[in-house]
Amino acid sequence: MSAPTLGEWLEQGPWGLAMSSGFFGFFAHAGMVAALEDAGLMRPVALSGSSAGALTAALWASGRSGEDIGEELASLRREEFWDPAPGLGLLRGQRFADRLHKALRVHDFQRCRAPLALSVHALQPWRTEIIAAGPLVPAVVASCAVPGLFQPVTLNSRRFVDGGVSDRPGVAGMRATHRVLYHHLASRSPWRRVGSASMAIPDRPGLTALVIERITRLGPFKLHLGPIAFQQAREATRRALDQPLLLGVARVVAPEL
């Protein structure tokens, strides 16, 4: 019996969508979501994510489409989130929070169109924790608080940073009973060592991974390249939907644009 294609796997039953951390990888996540919508397959029963994955998951769960998210991100300018201030990180994060509040269609987990669980990393004790209820903005900002770039976020008198510190895949909040489509951002952040276990695809029953290689790398000074990364992920995902899964992984190379 031949392996199903990624598209066939998505049609076989309910699935949750998990999106990984990855430095400014939200353009690629949005392009992937847009491709699933183009194919009529974007029907997750739950979403989870860390950092860039948390941001994209929250925007979609709040009611925005992949195309819409891509347009929103393309309009982002560095000065809209650039607020240097003294502290344990370059940026205070308040401008990011304000911009996010405008971008979200709803502002509470309970009003999202699908259950949403976001990974954050607690500084004390040092571990992954999941936020799945309450206001969206502080949870997303905490999950995106890249150490060194953003200052830790204080929630209920405790400090949190980027969920990707200890849950790069962003799967910790996904129920064990769910089949999972995991969008893995393959590009390695400079602060992760080569061969880091956090870059591996999670070994989890029922998980199928989509890995897109060679997507244009972004950063706060390369936001103008975001639409390219979005379109690369969109086109690569379209191709992946028709490819047979090999050991539960759909692996494609981003087109040059």
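## The chain as a whole

Of the 257 residues in this chain, 58% count as buried. Keep in mind while you look around that this is a predicted model. The chain has seven helices and 11 strands, and its C-alpha trace spans about 60 × 40 × 40 Å along the principal axes.

How does the radius of gyration of the chain fit with that of a compact globule? For 257 residues, a compact globule would come out near 18 Å, and the chain has 17 Å, so the two agree. Contacts tell you something about the fold too: take those between residues at least 6 apart in sequence, and 72% of them join residues at least 24 apart. As for the outside, the accessible surface adds up to about 11400 Å², and carbon and sulfur atoms account for 55% of that.

## A helix tucked away

Have a look at helix H3, which covers residues 52-61. Here 10 of the 10 residues are buried, so the helix is largely enclosed by the rest of the structure. Among those buried residues are Gly53, Thr56, Leu59 and Trp60, along with several alanines such as Ala52 and Ala61. After H3 comes Gly63, and its phi is positive, near 120 degrees.

Trp60 has some company as well. The charged end of Arg113 sits over the Trp60 ring, 3.6 Å from its centre.

## Aromatic rings

There are seven aromatic pairs in the model. One of them brings together Phe23 and Phe24: the ring centres are 4.9 Å apart and the planes stand at 80 degrees, so this pair is edge-to-face. Are these two neighbours buried or exposed? Phe23 has 25% relative accessibility and counts as partly exposed, while Phe24 has 10% and counts as buried. The cut-off for buried is under 20%, which is why Phe24, at 10%, falls on the buried side of it.

Ring pairs also build up a cluster, made of Phe23, Phe24, Phe26, Phe27, Phe81, Trp82 and Phe221. One member of that cluster, Trp82, has a charge over its face: Arg78 lies there, at 4.9 Å from the ring centre.

## Salt bridges around Asp38

How many salt bridges does the structure hold? The count is 12. A good place to begin is Asp38, whose side chain meets that of Arg234 in a salt bridge, with 2.9 Å from N to O. This pair links distant parts of the chain, since Asp38 is in helix H2 (residues 26-38) and Arg234 is in helix H7 (residues 226-240), 196 residues apart.

Asp38 also forms a salt bridge with Arg238, this time at 2.7 Å from N to O. Arg238 belongs to helix H7 and Asp38 to helix H2, so this contact ties together parts that are 200 residues apart in sequence. What about exposure? Asp38 has 41% relative accessibility and counts as partly exposed, and Arg238 is also partly exposed, at 36%. Arg234, on the other hand, is buried, with a relative accessible area of 9%.

## A salt-bridge network

Another salt bridge joins the side chains of Arg99 and Glu80, at 2.9 Å from N to O. Arg99 sits in helix H5 (residues 94-103), while Glu80 is in the loop between helix H4 (66-74) and strand S3 (89-91); the two are 19 residues apart. Arg99 is buried, with a relative accessible area of 15%, whereas Glu80 is partly exposed at 28%.

These two residues belong to something wider. Salt bridges with shared partners join Arg64, Asp68, Glu72, Glu80, Arg99 and Arg105 into one network.

## A loop residue to look at: Leu245

Where is Leu245? You'll find Leu245 in the loop between H7 and strand S11 (249-253). Despite its place in a loop, Leu245 is buried, with a relative accessible area of 7%.

Which residues does Leu245 touch, leaving aside those up to four places away in sequence? The contacts are Ala3, Pro4, Thr5, Leu6, Trp9, Thr208 and Ala250. For a sense of distance across the model, compare Leu245 with Ala139: the two are 106 residues apart in sequence and 34 Å apart in space, going from C-alpha to C-alpha.

Technical notes:
Residues numbered from 1 in each chain as written. Predicted model: local features only at pLDDT ≥ 70, side-chain atom pairs only at ≥ 80, totals over all residues. Heavy atoms only, no water. Phe/Tyr/Trp six-rings, centres within 6.5 Å; stacked < 30°, edge-to-face > 60°. Buried < 20%, exposed > 50% of the residue type's maximum accessible area, 1.4 Å probe, protein only. Lys NZ or Arg CZ within 6 Å of the ring centre and 35° of its normal. Salt bridge = Lys/Arg side-chain N within 4 Å of Asp/Glu carboxyl O. Helix = DSSP H or I, 4+ residues; strand = E, 2+ residues; numbered from the N terminus. Rg over C-alpha atoms; globule rule 2.2 N^0.38 Å. Contact = heavy atoms within 4.5 Å. Areas by Shrake-Rupley, 256 points an atom, 1.4 Å probe, with all protein chains shown as cover.
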